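I open this notebook to record what I looked up in one structure. The entries follow the order of my reading.

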Amino acid sequence: MIVDVVSLFPEIVSAALSHSIPQRAIDKGLAQLNLIQLRDYGQGNYRRVDDYPYGGGGGMVMACEPLGQCLDALLEKNSYDEVIYLSPDGARFNQPTANRLSLGKRLLLLCGHYKGIDQRIRDRYVTLEISIGDYVLSGGELAAAVVVDSLFRLLPGAMSDETSALTDSFQDGLLAPPVYTRPELWREMPVPSVLLSGHDAEISKWRHEQALERTRLRRPDMLD
Ligand code: ADE
């Protein structure tokens, strides 16, 4: 899958994705990440990309013309499954959306800054608006990195253990059960004996019960 990210701070996105599973997906050729510097489409000697908001109020707005030129150039060359704008007023990102997007061939992510982007760009180009939670970040870059990380790890072959994405929290509508590794006894705290039993059916049953209990306690909303 190919992901193009338009941003004023592409280093934030690349820093977050150049380690661990996302970097491995890129190294294996399963994923490609293209960072597009919006400033290159800025206007005048200062390559300006923002302007004052009509109607007043604080903060700056990312203007139509640089974004329009940048997006036109990308859309002329490529076709996208979705053009995504990261914004706190978007639809809340979740695992089903990650699963669906990970099946796409090519995505375009647009990171806003300041007070956001001119509404006309959203109206003209954007097909999906995503929020990663009910809080406001300084820009869309960290949100874009969160979204891309969640997609790249789902690509077949990105993880060493092929089954591991399936056992993630949320994949079956439940939080993941607790996990343990060696030693068997640590500071008088033992590993639950069922995990040492070698009995696969018992272990699966225990994990499911633990996942249910954890979800009931921590995220009852998920069971509604
Ligand atoms: N940009 C700023 N805050 C954001 C959020 N919570 N989700 C997505 N994009 C954002």
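The entries below concern the domains, the ligand and its surroundings, and two points of backbone geometry.

**Entry 1: the model and its domains.** I note at the outset that this is a predicted model. I looked up the domain assignment, which gives domain 1 as residues 2-152 and domain 2 as residues 169-223. I then took the distance between the C-alpha centres of domain 1 and domain 2, which is 37 Å.

**Entry 2: the place of the ligand.** In which pocket does the ligand sit? I find the ligand in the second largest pocket. I counted 13 residues around the ligand, and those that come nearest are Ser87, Ile132, Gly133, Tyr135 and Leu137.

**Entry 3: the shell around the ligand.** I sorted the shell by class and obtained eight nonpolar residues, five polar residues and no charged ones. I also asked which strands each supply at least two residues of this shell. They are strand 5, residues 82-92, and strand 7, residues 128-131. Strand 5 gives the most to the shell, with three residues.

**Entry 4: contacts of the ligand.** I looked for polar backbone atoms beside nitrogen atoms of the ligand. For serine 87, I read a distance of 3.1 Å from a polar backbone atom to a ligand nitrogen. For isoleucine 132, the corresponding distance from a polar backbone atom to a nitrogen of the ligand is 3.0 Å. For tyrosine 135, a backbone N or O atom lies 2.8 Å from a ligand nitrogen. I then looked up the cover: on its own the ligand has 260 Å² of accessible area, and the protein covers 96% of it.

**Entry 5: backbone geometry.** I recall that most residues other than glycine have a negative phi, and that most peptide bonds are trans. Serine 20 has a positive phi, near 55°, and I place this serine in helix 2, residues 20-27. I further record that the peptide bond from arginine 182 to proline 183 is cis, with omega near 5°. Proline 183 belongs to the loop between helix 6, residues 141-152, and strand 8, residues 185-186.

Conventions:
Residues numbered from 1 in each chain as written. Predicted model: local features only at pLDDT ≥ 70, side-chain atom pairs only at ≥ 80, totals over all residues. Heavy atoms only, no water. Near = heavy atom within 4 Å. Polar contact = N/O pair within 3.5 Å; in protein donor to acceptor, adjacent residues only side chain to side chain. Areas by Shrake-Rupley, 256 points an atom, 1.4 Å probe, with all protein chains shown as cover. 1 Å grid on protein atoms, 1.4 Å probe; cavity = no way out; pocket = protein on both sides within 12 Å on 5 of 7 lines; lining within 4 Å. Sits in = over half its atoms within 2 Å of the grid points. Helix = DSSP H or I, 4+ residues; strand = E, 2+ residues; numbered from the N terminus. Nonpolar A, V, L, I, M, F, W, Y, C, P; charged D, E, K, R; others polar. Domains from an automatic or database assignment.
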